[in-house]
Amino acid sequence: MRIVLLSPKGPLYRHRGGIFKQNLRYAPLTLTTLAALVPPELDALVDIIDEGVEELDVDRLEADIVGITIITGNAVRAYEVADRLRARKIPVVLGGPHVTLVPDDAQPHADAIVVGYAEDTWPALLRDFAAGRIQPRYDQSPDLSLAGRPFPLRDKIKRHRYITTHVFEATRSCIHTCDFCVAPVAWGTRPYLKPVEDVVADIRQHWGRKIMFVDLNMISDREYAARLFEALIPLKVEWFGLTTTLLVHDRPLLDLAARSGCSGLLMGFETISPDNLKLARKGFNTPDEYRELVALLHHYRITLMACFTFGLDHDTPDVFMQTARFAVEACIDLPRYAIVTPFPGTLLYRRLESEGRLLTRNWELYDAQHVVFQPRLMTPQQLYEGHEKAWKYTYSAASLAQRFLGSRIQVPVWWIANLGYRFYAHHLHDFYNCDWIIGHSPETSRPTPAALPDTQEQRCH
Ligand code: B12
Ligand code: SF4
């Protein structure tokens, strides 16, 4: 049996090779994990294609079955590929965050869909397929365990296409319920934990001195995080991962993280407005303490990528420069800005839908770079332009110098990442390859929900 596992490209990656050049991307774990889960007795040949970094010729693809992973931003491309393969009588299975969020959206494009994590369902589906009795839908059971699972087959990917394949995960999902986040609605608020010894064994097997974790929130379970960090100490790795700002309130855990080799963290600051945080159910972030937080991380020689999101309901047109100035003055190592995106299925999506504020359901535009809803206190045009202005200000030569001088951690990676983002900030227009919003005049014509364009109408060119 020949199985092809495919990650389709989103609109950004279709045109310019992504935010950065292709070789600055790290290797995701999705397809390598699925490859490892193929039952050995099927004696299958498994190929992985990541369209974000390599070309795909859909009409020449040969396979007995194709599995496609979908995030919302690449759903349109995924459906297009699936439809073309199925027209050639190649069975297609769809899975991933978007399918889990809105299964009914994906079902018409698939022979089978997999909802939720696939550690049990994907092998079961393949066995059913081999026996000629594939079912249309496979759902994760709530008592799924990640213990004793095979390690991702990282040698299946084209390593040289990525900046690193030293990518790992220890936990999945998150305990919090931020209204814009896909995690609580897709996978629930009970974190799934890999036994620490499994994580360590995976790292030892696929050795790398600098490693990254793709976990959404590494400190969801404090006791587990402490055990994991302890276990990392003897490995003498430098690691990068994602946590909430709450880590900084827990000095013993932060101290342990630093001793275990933590050299960089991504945190969702989201906004400097407490009202917005409250509305978004992320009230545990405290903007008054952000500066202190950055300084404390710098004290531990941990670099910070802080993510902000624009367009929340209390944002007015002056939010962009206020936030950008704050990010520069606080000497955040790598500030990032996104436009609020109501991913389908999330609490935010449901609220905006009930308020008649969604402007499009073209999933290609749901990539945190386009305005897909009517903001409350500004126009979509202001949101789009303000977001761009914040990027440009933050990555201007003067701001870079200010942040560089204020940060105590001036490692080469600081410069590489900042110069990459500087390039991105000054070429935003090249990355936005859709006419949507730039050519749209929302002040004069705000579509009603009934008039919402369907997913195929505004294609990115
Ligand atoms: C690597 C990564 C990326 C990579 C590649 C993603 C891709 N597939 O193209 C890059 C850097 C390109 C990326 C970009 C973005 N990403 Co991203 N990314 C991740 C990340 C951190 C890790 C993915 C991973 O390796 N997971 C580990 C694997 C094992 O888990 P998994 O992917 O969920 O797969 C399991 C199941 O879902 C299932 N499954 C998945 N696919 C399939 C397919 C089949 C056939 C089957 C059977 C099962 C199955 O089986 C797996 C095992 O259980 C995840 C967060 C996370 N921890 O998952 C976010 C995540 C996927 N990204 C997300 C987002 C929001 C984005 C961005 C919009 C961020 C931004 N602001 O730029 C952009 C999107 C750009 C675009 N064009 O649309 C969201 C997805 C939201 C959504 N509704 O789709 C996630 C979930 C993070 C989050 N905040 O919630 N991302
Ligand atoms: S803390 Fe982060 S991962 Fe957890 S629900 Fe909120 S946004 Fe999602």
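The paragraphs below lead through a predicted model, beginning with a sheet and the helices packed on it and ending with two ligands.

A good place to start is the open sheet of six strands, in which the strands follow the order 2-1-3-4-5-6 and the pairing is parallel. Strand 2, made of residues 45-50, and strand 6, made of residues 137-139, stand at the edges with a single partner strand each, and therefore one side of each has no neighbour in the sheet. On average, and ignoring direction, neighbouring strands of this sheet are turned by 20 degrees against each other. In general, the strands of a sheet pair through backbone hydrogen bonds, and they may do so in a parallel or an antiparallel way.

One pair of strands can be followed in more detail. Strand 1, which covers residues 2-7, runs parallel to strand 2 and is joined to strand 2 by six bridges. Within this pair, Leu6 stands opposite Ile49, a residue of strand 2.

Helices pack on these strands as well. Helix 3, formed by residues 75-87, lies across strand 1, strand 3 (65-69) and strand 4 (92-95), and its direction makes about 160 degrees with strand 4. Helix 6, formed by residues 121-130, also packs on the sheet, where it touches strand 1, strand 3, strand 4, strand 5 (112-115) and strand 6, running at about 150 degrees to strand 6.

From here the path leads to ligand 1, which has 37 residues around it, with Leu29, Thr30, Thr69, Thr72 and Glu119 coming nearest. Where does ligand 1 lie with respect to domain 1 and domain 2? Both domain 1 (2-139) and domain 2 (156-431) give residues to the shell around ligand 1, so the ligand lies between them. Helix 2 (30-36), strand 3 and strand 4 each supply at least two residues of this shell, and by class the shell is made up of 19 nonpolar, 12 polar and six charged residues.

Some individual atoms show how ligand 1 meets the protein. An N or O atom in the side chain of Thr69 is 2.7 Å from a nitrogen atom of ligand 1, while a polar backbone atom of Thr72 is 2.8 Å from an oxygen atom of the ligand. In Gly96 it is a backbone N or O atom that lies 3.3 Å from a nitrogen atom of ligand 1.

The last stop is ligand 2, which is surrounded by Cys174, His176, Cys178, Phe180, Cys181, Thr244, Lys282 and Phe284. Sorted by class, the shell around ligand 2 contains five nonpolar residues, two polar residues and one charged residue.

Conventions:
Residues numbered from 1 in each chain as written. Chains lettered and ligands numbered in written order. Predicted model: local features only at pLDDT ≥ 70, side-chain atom pairs only at ≥ 80, totals over all residues. Heavy atoms only, no water. Pairing = 2+ DSSP bridges. Helix = DSSP H or I, 4+ residues; strand = E, 2+ residues; numbered from the N terminus. Axes fitted to C-alpha atoms, helices over the stretch in contact; angles between N-to-C directions. Contact = heavy atoms within 4.5 Å. Near = heavy atom within 4 Å. Polar contact = N/O pair within 3.5 Å; in protein donor to acceptor, adjacent residues only side chain to side chain. Nonpolar A, V, L, I, M, F, W, Y, C, P; charged D, E, K, R; others polar. Domains from an automatic or database assignment.
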